[in-house]
Amino acid sequence: MYSQWFYHKPSRCLFDAGEGVATTLRKKVFAIRHIFLSHGHEDHIAGIANLVNVRNLAPGDREKPLTIYFPRHDKWINELLSYIEKKQSGLLRYPLYAQPLDANDEIVLTDTRRPTRVRAFPMKHIAAELSLGFEIEEERRVIDRFTGQPVCRYHPIFLYTGDGYGVQHSSFGRVDLAVHEATFLRRDAAKAGAWETARHSTIDGAIGWAAREDAKTLILCHISDRYTLNEVLSEAAVVKKELDFRGEIYVAYRDQLVYTPDQLRSGLAPK
Ligand SMILES: [Zn+2]
């Protein structure tokens, strides 16, 4: 919860841009074409100004454009973007765009192998403010069950919640990989529902959503630092069993990505 970002390499999309993103990705920052911001809290946006700057200075493919998408009325993101605009005025060697989004907007990506779009959906996080989650949907040709004819369908390949809860049901079927925040354990569910600070998900809330959606793989992230890795892994394993979730679960804990222990014990852990 100190810094959050996920880079989806096939679509060249970065989801949130917490502190340290450019330091970690280094030259890969040139590959990023789209940055989707969920909301303006520090742990989700503190790395943007540096990323925009490093992409301008370091040797690499400088001409490729970069677009930052964000919730339209987010005060802090708008403040940060105006800082970047003033700071970089006349200096940028690549086109930088800022595109405000409303809930349910769809962005068509033009630089992917297959036709692909990113859909923004609303999350419950900050009272009276729009916070967004995102789903990447890829167009695929499939054979229609009834007619036997090839048709184009959207397939959800990646979902990112940002902060909060209340992910909408996807009508496109089982998502390949979902990244869902899970700040709290069950015992602190009351803290997760408090509007006074900001609302968050619990581990069982996140796995419950994944079980209903039958997600193939789930990454739990934004885990509160008050819990040990063991506490988190054992609650995830218990809830997985209780809710009969058949997908795989990973836990992003500090700088590690850890497979859930029930699968570790059975020797099925992937490399
Ligand atoms: Zn937040």
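How many bridges join strand 12 to strand 13, and do these strands run parallel or antiparallel? The close-ups below, all taken from a predicted model, begin with that pair.

**View 1. Strand 12 meets strand 13.** Strand 12, residues 248–253, is joined to strand 13 by 4 bridges, and the two run antiparallel. To find your bearings, look for valine 251: its bridge partner in strand 13 is valine 258.

**View 2. The open sheet.** Step back a little and you will find 8 strands forming an open sheet, in the order 6-7-8-9-10-11-12-13, with mixed pairing. Strand 6 (106–109) and strand 13 (256–259) are the edge strands, each pairing on one side only. From one strand to the next, the twist averages 30 degrees. As a reminder, strands of a sheet pair through backbone hydrogen bonds, either parallel or antiparallel.

**View 3. Two helices on the sheet.** Helix 6 lies across strand 10 (177–181), strand 11 (217–221) and strand 12, and runs at about 155 degrees to strand 10. Helix 7, residues 229–242, also packs on the sheet, where it touches strand 11, strand 12 and strand 13. The direction of helix 7 makes about 160 degrees with that of strand 12.

**View 4. The largest nonpolar core.** This core holds 64 residues, and those touching the most other members are Ala17, Ile35, Leu37, Ile203, Ile207, Leu220 and Ala236. Helix 6 (residues 203–213) gives the most to the core, with 5 residues.

**View 5. Around isoleucine 203.** Setting aside neighbours within four places in sequence, isoleucine 203 is in contact with Ala182, Leu185, Arg186, Leu220, Val232, Glu235, Ala236 and Val239.

Conventions. Residues are numbered from 1 along each chain as its sequence is written. This is a predicted model: local features need pLDDT of at least 70, side-chain atom pairs count only at pLDDT 80 or more; totals for chains, interfaces and linings use all residues. A nonpolar core is a set of buried Ala, Val, Leu, Ile, Met, Phe, Trp, Tyr and Cys residues joined through C-beta atoms within 7 Å. A residue is buried if 20 or more other C-beta atoms lie within 10 Å of its own, exposed if 12 or fewer, and partly exposed in between; C-beta atoms are placed from the backbone. Two residues are in contact if their C-beta atoms, placed from the backbone, lie within 7 Å. Two strands pair if DSSP finds at least two bridges between them. Axes are lines fitted to C-alpha atoms, for helices over the stretch in contact, and angles run from 0 to 180 degrees between N-to-C directions.
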